[in-house]
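User: Please take a close look at one helix in this model and at what packs against it. I would like the partners, the angles and the residues in contact, followed by a few single residues elsewhere in the chain.

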Amino acid sequence: MTLNPLANPKGVSLLCELCQKPAFIQCTKCRVTYYCGVEHQKADWVGIHEKICQMLIPLRVPEPFLSSDDERQHRHQQMTHRKKRMIELTRTTGQKLLFEGHHEQAVPAAMQSLRFSIDVYGLSSIELVPSYLILGEASIGLGRLQQAEEYLAQAEWTVLKTPECSSAIKSKLYRNLGLLFAAKGNYDEARHQLANDIYYASEEFGPHDIHTAGGYFHMANVFFRMNRMDVADSLYAEVTNIWHQHLSQLIRWRLKTPVTPSGIGPAVEGEQEEEGGLDEAQEAEAIQVLNSIHDMREQLAHQNPLGLANVCHTLTMLYYLLNDMDKAREFSRKALLSSETAPPGEDGSLTTISELAKVLDVHPETAATS
């Protein structure tokens with residue numbers, strides 16, 4: 001990417017997008033974003049800027065002169081709508097990068113979401129908390145625990161002074177606090193915080209929802225580190241079962257015979273499928289969580305072949321929905337093999353696994369089109 005070194009115009013303060021220090025480099029694609037140097041420009045590009053570069057232009061160019069109140073009001077509403085879309089996009093991207101283990105890359109996305117949230121909602125709004133939490137989790141992943149504490153303290157203070165705060169946000173806060181204490185090696189406090197996470201997630205979504213599964217997964221990881229394998233195993237099984245049930249519903253939707261609606265067919269069907277699908281962050285979460293459980297199960301396959309079969313079947317469905325037929329077939333074969341080695345009378349899932357394997361065999365690589 002070509003860079004343009006520039007001298008700051010007199011009376012105009014141009015600041016780096018990442019560190020807010022004086023900027024001397026401009027993005028030549030959007031021409032509305034500035035950096036202190038090449039390093040920060042590259043970091044921002046990889047983290048989020050490539051995705052939002054052109055979207056920033058209408059948000060940062062000088063506003064045109066509008067003579068009437070109606071025009072100004074319409075302009076304001078339009079800009080607010082664009083900023084809210086930007087908040088959603090940058091948060092989802094940041095969360096996705098966290099699940100993929102790209103903690104450094106998640107920071108620019110989280111900073112953008114925080115910046116737009118402040119612009120739209122103000123400095124003290126509960127709407128800032130999700131951005132603080134992404135920054136906190138990224139800091140935990142990078143080993144910057146003091147910085148993580150600062151972000152999470154800001155999030156916790158905002159939650160405490162907002163009586164109408166949703167259980168969903170409380171759940172995410174306690175999950176991050178659990179991760180922080182686990183990183184410090186304080187497993188008792190980590191379990192306490194994660195129990196709060198599961199409680200509030202269950203209150204908001206139900207105990208068997210994928211939004212709640214993350215709390216079970218991190219709780220299982222804590223028990224795993226404590227060498228409490230019996231408890232960890234049961235929690236990993238619960239996580240797998242939750243994702244198995246959710247993905248099964250999506251598979252049934254995908255494979256069902258289309259029904260001609262009374263309205264315009266494609267528009268109705270598309271709207272329903274989008275509502276029941278996974279967003280980018282949920283896809284990344286499913287890949288990370290289920291593969292982690294699979295790796296653990298595979299090492300102990302002789303102890304629990306059905307546990308391995310179940311997570312392999314769940315991964316088969318996941319990769320089928322993600323249109324990755326090679327991986328879907330790979331895990332389908334593993335699921336069948338593990339089910340066949342299970343003790344007699346304990347292979348109840350074998351029929352379901354075989355049915356999905358047949359679907360993969362008869363469908364070409366492009367079978368699972370979205």
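Analyst: Helix 3 and helix 12 are roughly parallel to each other, because the angle between them is about 10 degrees and angles under 35 degrees count as roughly parallel. This is a predicted model, and helix 12 is the part examined here.

The axes of helix 3, which covers residues 69-99, and helix 12 are 8 Å apart. On the side of helix 3, the residues in this contact are Thr92, Thr93, Gln95, Lys96 and Phe99. They meet Glu280, Ala281, Ala284, Glu285 and Gln288 of helix 12. By class, the contact of helix 3 with helix 12 comprises 3 nonpolar, 4 polar and 3 charged residues.

Asp279 belongs with this region. Asp279 sits in the loop between helix 11 (265-276) and helix 12. Its relative accessible area is 34%, so Asp279 is partly exposed; the class lies between the buried limit of under 20% and the exposed limit of over 50%. The side chain of Asp279 comes to 3.1 Å from the backbone nitrogen of Ala281, and Ala281 is one of the helix 12 residues that meet helix 3. Asp279 can also be placed relative to Lys96: 183 residues separate the two in sequence, while their C-alpha atoms are 9.2 Å apart. Lys96 is itself among the helix 3 residues in the contact with helix 12.

The next partner is helix 10, residues 229-255. Its axis comes within 11 Å of the axis of helix 12 (residues 280-299), and the two cross at roughly 135 degrees. That angle makes helix 10 oblique to helix 12. The crossing of these two helices is left-handed. From helix 10, the contact takes in Asp233, Tyr236, Ala237, Val239, Thr240, Trp243 and Leu247. From helix 12, the contact takes in Gln282, Glu285, Ala286, Val289, Leu290, Ile293, Met296 and Arg297. Sorted by class, the residues between helix 10 and helix 12 are 10 nonpolar, 2 polar and 3 charged.

Helix 9 (210-225) is the remaining partner to describe. Helix 9 packs on helix 12 at an angle of about 35 degrees, and the axes are 12 Å apart. The crossing of helix 9 and helix 12 is left-handed. Helix 9 contributes Ile210, His211, Gly214, Phe217 and Phe224. These meet Gln282, Glu285, Gln288, Val289, Ser292, Ile293 and Met296 in helix 12. The contact of helix 9 with helix 12 divides into 6 nonpolar, 5 polar and 1 charged residues.

Some helix 12 residues recur in these contacts. Glu285 meets residues of helix 3, of helix 10 and of helix 9. Gln288 takes part in the contacts with helix 3 and helix 9. Gln282, Val289, Ile293 and Met296 are in the contact with helix 10 and also in the contact with helix 9.

Between helix 9 and helix 10 there is a loop, and Asn227 is found in it. Asn227 has a positive phi of about 65 degrees, although it is not a glycine. With a relative accessibility of 60%, Asn227 counts as exposed.

Another residue with positive phi is Arg31. Its phi is near 60 degrees, and Arg31 is not a glycine either. Arg31 lies in the loop between strand 2 and strand 3 (34-35). At 44% relative accessibility, Arg31 counts as partly exposed. The backbone oxygen of Arg31 is 3.2 Å from a polar atom of the Gln26 side chain. Gln26 belongs to strand 2, residues 25-27. Gln26 counts as buried, because its relative accessibility is 9%.

A last single residue is Ala153, in helix 6 (residues 145-160). Ala153 counts as partly exposed, with a relative accessibility of 42%. The C-alpha atoms of Ala153 and Leu177 are separated by 9.5 Å, and the two residues are 24 apart along the chain.

For the chain as a whole, there are 15 helices and 3 strands. Of its 370 residues, 43% count as buried. Among contacts between residues at least 6 apart in sequence, 60% join residues at least 24 apart.

Note on methods. Residues are numbered from 1 along each chain as its sequence is written. This is a predicted model: local features need pLDDT of at least 70, side-chain atom pairs count only at pLDDT 80 or more; totals for chains, interfaces and linings use all residues. Side-chain values use heavy atoms; hydrogens and water are left out. Axes are lines fitted to C-alpha atoms, for helices over the stretch in contact, and angles run from 0 to 180 degrees between N-to-C directions. Helices (H or I, at least four residues) and strands (E, at least two) are DSSP runs, numbered from the N terminus. Angles under 35 degrees count as roughly parallel, over 145 as roughly antiparallel, 65 to 115 as roughly perpendicular and the rest as oblique. A crossing is left-handed if the near helix is turned anticlockwise from the far one by less than a right angle, and right-handed if clockwise. Contact means heavy atoms within 4.5 Å. Ala, Val, Leu, Ile, Met, Phe, Trp, Tyr, Cys and Pro count as nonpolar, Asp, Glu, Lys and Arg as charged, and the others, Gly among them, as polar. Buried means under 20% relative accessible area, exposed over 50%, partly exposed in between (1.4 Å probe, protein chains only). A polar contact is a pair of N or O atoms within 3.5 Å; within protein, one must be able to donate a hydrogen and the other to accept it, and residues adjacent in sequence count only if both atoms are side-chain atoms.
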